[in-house]
Amino acid sequence: MTTPLFREDAYLRSCEAEVTDVNDRGGIVLDRTVFYATGGGHPGDKGFLELDDGIRIEIATTVYGEDGTSIVHVPSEGQTLPAPGTKLAAHIDWQRRYRLMRVHTALHLLSVALPYPVTGGQIGDGEGRLDFDMGDDTVDKEVLLEKLNSLVGQDSGVTTEWITDEELDANPALVKTMSVKPPRGSGKVRLVRIGEDVDLQPCGGTHVSRTSEIGDLALGKTEKKGKQNRRVRIRLTD
């Protein structure tokens, strides 16, 4: 099992760690990490591992192991791998991660501005998208953009809290995404709250601490996907 430090503090950029395993594909497992593992439309972190002698191992992406509790740091090709027991420092590509955090939080706000069931989504480096089951409704891009940036400008706090699996089952309306199920298995589910009552939904990803950190947003192309689905893209303007 890898302790996911990013879950309690998404602003951690580095940590000390120990190699617990190197799998048969060359993936490096640490006892603790600041690297977010790919999941729920949120890309895994990139960065590097730094050994005591200063040697760097570049990490191309991060994924969950087959057991679902270990986090595997996937190195770029052609690098010497550390042995289990090696102590090192793990450093994420912070600029990329922070853009992902801003986009991810903005997508939560997009699900508020367009209150329809979410059928899919993707978080990217500086941009992202959600797919909505809107029936025959259409998107007024000017009205939507004004509403989105108004939500950003409220400077609402973004916090996390936990509920039990049973509490989630009793409140199914909390789950907005039809394609991504909340992470279960530990007996509790992590919720992300924006403001007092702006948004509340299960989510295991990384977010900024206040909506104002997102900055001004722009809309990309919106398009019809299938009979009912509408795909809406947003992007950071900086």
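A residue counts as partly exposed when its relative accessible area lies between the buried limit of under 20% and the exposed limit of over 50%. In this predicted model, Asp-155 meets that condition: its relative accessible area is 30%, so it is partly exposed. Asp-155 sits in the loop that links α2 (141–153) to β11 (158–164). Its backbone is notable. Asp-155 is not a glycine, yet its phi is positive, at about 55°. Most residues other than glycine have a negative phi.

The overall fold was examined next. The protein chain contains three helices and 15 strands. Its radius of gyration is 19 Å, and the globule rule gives 18 Å for 238 residues; the two values are close, so the chain is as compact as a globular protein of that length. Along the principal axes, the C-alpha atoms occupy a box of roughly 55 × 40 × 35 Å. Of the 238 residues in the protein chain, 46% are buried. The exposed surface of the chain comes to about 11,900 Å². Carbon and sulfur atoms contribute 47% of that area. Contacts were also sorted by sequence separation. Among those between residues at least 6 apart, 64% join residues at least 24 apart.

Helix α1 covers residues 94–113. At 1.5 Å a residue, its 20 residues should span 28 Å, and the end C-alpha atoms are 28 Å apart, so expected and computed spans agree. Burial is extensive here. Of the 20 residues of α1, 16 are buried, so the rest of the structure largely encloses this helix.

Two individual positions illustrate buried surroundings. Asp-45 lies in the loop between β4 (32–33) and β5 (47–51). Its relative accessibility is 0%, and buried means under 20%, so Asp-45 counts as buried. The side chain of Asp-45 reaches the backbone nitrogen of Tyr-36 at 2.7 Å. With residues up to four places away in sequence left out, the contacts of Asp-45 include Val-34, Phe-35, Ile-59 and Thr-61. Arg-96 and Arg-97 are also among the residues that Asp-45 touches.

Ile-194 belongs to strand β12 (residues 188–194). At 1% relative accessibility, Ile-194 falls under the 20% limit and is therefore buried. Beyond its neighbours within four places in sequence, Ile-194 is in contact with Thr-105, His-108 and Leu-109, among others. Further contacts of Ile-194 include Ser-156, Gly-157 and Val-158. Asp-199 and Thr-211 also touch Ile-194. Val-29 is 165 residues from Ile-194 along the chain, and their C-alpha atoms are separated by 33 Å.

Thr-138 provides an exposed case. This residue is found in the loop between β10 (127–133) and α2. Its relative accessibility is 64%, which is over 50%, so Thr-138 counts as exposed. Thr-138 and Ile-234 are 96 residues apart along the chain. Their C-alpha atoms are separated by 16 Å.

Cysteines were considered last. A disulfide is a covalent bond between the sulfur atoms of two cysteines. The structure holds zero disulfides. Cys-15 has a relative accessible area of 8%, under the 20% limit, so it is buried. Cys-203 also counts as buried, because its relative accessibility of 11% is under that limit.

Key
Residues are numbered from 1 along each chain as its sequence is written. This is a predicted model: local features need pLDDT of at least 70, side-chain atom pairs count only at pLDDT 80 or more; totals for chains, interfaces and linings use all residues. Side-chain values use heavy atoms; hydrogens and water are left out. A disulfide is a pair of cysteine sulfur atoms within 2.5 Å. Buried means under 20% relative accessible area, exposed over 50%, partly exposed in between (1.4 Å probe, protein chains only). Helices (H or I, at least four residues) and strands (E, at least two) are DSSP runs, numbered from the N terminus. The expected span of a helix is 1.5 Å times one less than its number of residues. The radius of gyration is taken over C-alpha atoms; the globule rule is 2.2 Å times the number of residues to the power 0.38. Contact means heavy atoms within 4.5 Å. Accessible areas come from the Shrake-Rupley method with a 1.4 Å probe; for residues, only the protein chains shown count as cover. A polar contact is a pair of N or O atoms within 3.5 Å; within protein, one must be able to donate a hydrogen and the other to accept it, and residues adjacent in sequence count only if both atoms are side-chain atoms.
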